[in-house]
Amino acid sequence: QSTWDIAGARSNVKLTSLYLEMLAPTNVLVTGANRGIGLELVRQLAGLPVPPDHVFAGCRRPENAEELRRLSEEFTNIKVLKLECSSTVKNIVENKGLNMLINNAGVATKSSLYHVTTEEMMTSFRVNAVGPLMVTKAFLPLLRQAGQITSGVPWSCNSAAIINISSGAASISENDTGGGYAYRTSKAALNMITKNLSLDLKKDAILVSAVHPGWVQTDMGGPNAITDTPTCVKTLLTLISSFQGEEYTGKFYHYSG
């Protein structure tokens, strides 16, 4: 069995508030920031014990992201922008680069074998797999810049890191129900992209890992999910703050460690 399976790749890291206090990136970008996990990531990142200088909240239609805009009025370090605006981020961070990119944007459908369509499959792959890859390419110069500035320190989300929000539904070994063709396969593709990036960016000392946030009470997860969004995000941030070293790159982590 491959260690890339979710069952084999879970870490035994002990999650404590001490790790959360260690999370102190200077500049962060979160995609899909207008709702759900993305919105809560922006909220909690902006309010860290050592808050970032800038939390870039990326979404497709900033003009319609009312809750995100209200949040940016509460936290002056939040910058709302369209994902296409990499030049805007570059101008703001100047020579400090981008320490952490969180590829959170995604779509979920549950179509069975008898209802899944080509359009649904293509849309899911475009958003869940191709999208994160293209966003990473666009911001790679800024991630490399941050990595060069922090050269010599342990690999971490404070130096240069890409965190991809994946799903346990992408696990081959834990799939015992079938269905969800578009979502499962597109997230499995994201896992492979994560592994590839970790190898291709090893020379740049950029940490790349995927995390499964669990079943969360969002528009995607539904009201019957077992974890509320604030609890989920706090656990995720505690987990990624424990990534201290090269050994944490190229792996898939469950939100509980």
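**Close-up views of a predicted model**

**View 1. A salt bridge joins arginine 144 and aspartate 204.** In this predicted model, the side chains of arginine 144 and aspartate 204 form a salt bridge with an N to O distance of 3.1 Å. Arginine 144 belongs to helix H6, whereas aspartate 204 sits in the loop between H7 and S6, so the contact ties together parts that are 60 residues apart in sequence. With a relative accessible area of 29%, arginine 144 is partly exposed. Aspartate 204 also forms a salt bridge with lysine 203, where the closest N and O atoms are 3.9 Å apart. Lysine 203 is exposed, because its relative accessible area of 67% lies over the 50% cut-off. Both contacts belong to a structure that holds 6 salt bridges.

**View 2. Alanine 205 has a positive phi.** The phi angle of alanine 205 is about 60°, although this residue is not a glycine. Most residues other than glycine have a negative phi. Alanine 205 is placed in the loop between helix H7 (181-200) and strand S6 (207-212). Its relative accessibility of 26% makes alanine 205 partly exposed.

**View 3. Glutamate 94 also carries a positive phi.** Phi of glutamate 94 is near 55°, again in a residue other than glycine. Glutamate 94 is part of the loop between helix H5 (86-93) and S4. This residue is exposed, its relative accessible area being 57%.

**View 4. Glu40, Arg43 and Glu67 form a network of salt bridges.** One link of the network is the salt bridge between the side chains of glutamate 40 and arginine 43, at 3.0 Å from N to O. These two residues lie in helix H3 (residues 36-46) and are 3 residues apart, about one turn of the helix. Which of the two partners is buried, and which is partly exposed? Glutamate 40 is buried, with a relative accessible area of 9%, while arginine 43 is partly exposed at 28% relative accessibility. The cut-off that separates the two classes is 20% relative accessible area. Glu67 is linked into the network together with Glu40 and Arg43.

**View 5. Strand S4 pairs with strands S1 and S5.** Strand S1 (residues 27-30) and S4 pair in the parallel sense over 3 bridges. Leucine 29 faces leucine 101 of S4 across this pairing. S4 also pairs in the parallel sense with strand S5 (residues 161-165), here over 4 bridges. Within S5, isoleucine 162 stands opposite leucine 101, and asparagine 164 stands opposite asparagine 103. Leucine 101 therefore has an opposite residue in the pairing with S5, isoleucine 162, in addition to leucine 29.

**View 6. Strands S4 and S5 have buried side chains on both sides.** In a regular strand the side chains alternate between the two faces of the sheet. Strand S4 (residues 100-103) is covered on both faces, with Met100 and Ile102 buried on one side and Leu101 and Asn103 buried on the other. In S5, Ala161, Ile163 and Ile165 point one way and Ile162 and Asn164 point the other way, and all are buried. S5 is largely enclosed by the rest of the structure, because 5 of its 5 residues are buried. The buried residues include an asparagine in each strand, Asn103 in S4 and Asn164 in S5.

**View 7. A nonpolar patch lies on the surface.** Leu113, Tyr114 and Tyr181 make this patch, which covers about 380 Å². Tyrosine 114 is located in the loop between S4 and helix H6 (118-149). At 73% relative accessibility, tyrosine 114 is exposed.

**View 8. Four positively charged residues gather in a surface patch.** The members of the patch are Arg60, Arg61, Lys82 and Arg126. Lysine 82 is found in strand S3 (residues 78-82). With 37% relative accessibility, lysine 82 is partly exposed.

Note on methods
Residues are numbered from 1 along each chain as its sequence is written. This is a predicted model: local features need pLDDT of at least 70, side-chain atom pairs count only at pLDDT 80 or more; totals for chains, interfaces and linings use all residues. Side-chain values use heavy atoms; hydrogens and water are left out. Patches are made of residues with over 30% relative accessible area and no salt bridge: like charges are joined within 9 Å, nonpolar side chains (Val, Leu, Ile, Met, Phe, Trp, Tyr) within 5 Å. Accessible areas come from the Shrake-Rupley method with a 1.4 Å probe; for residues, only the protein chains shown count as cover. Lys and Arg count as positive and Asp and Glu as negative; His and the chain ends are not counted. The place of a charge is taken as NZ of Lys, CZ of Arg, CG of Asp or CD of Glu. Buried means under 20% relative accessible area, exposed over 50%, partly exposed in between (1.4 Å probe, protein chains only). Two strands pair if DSSP finds at least two bridges between them.
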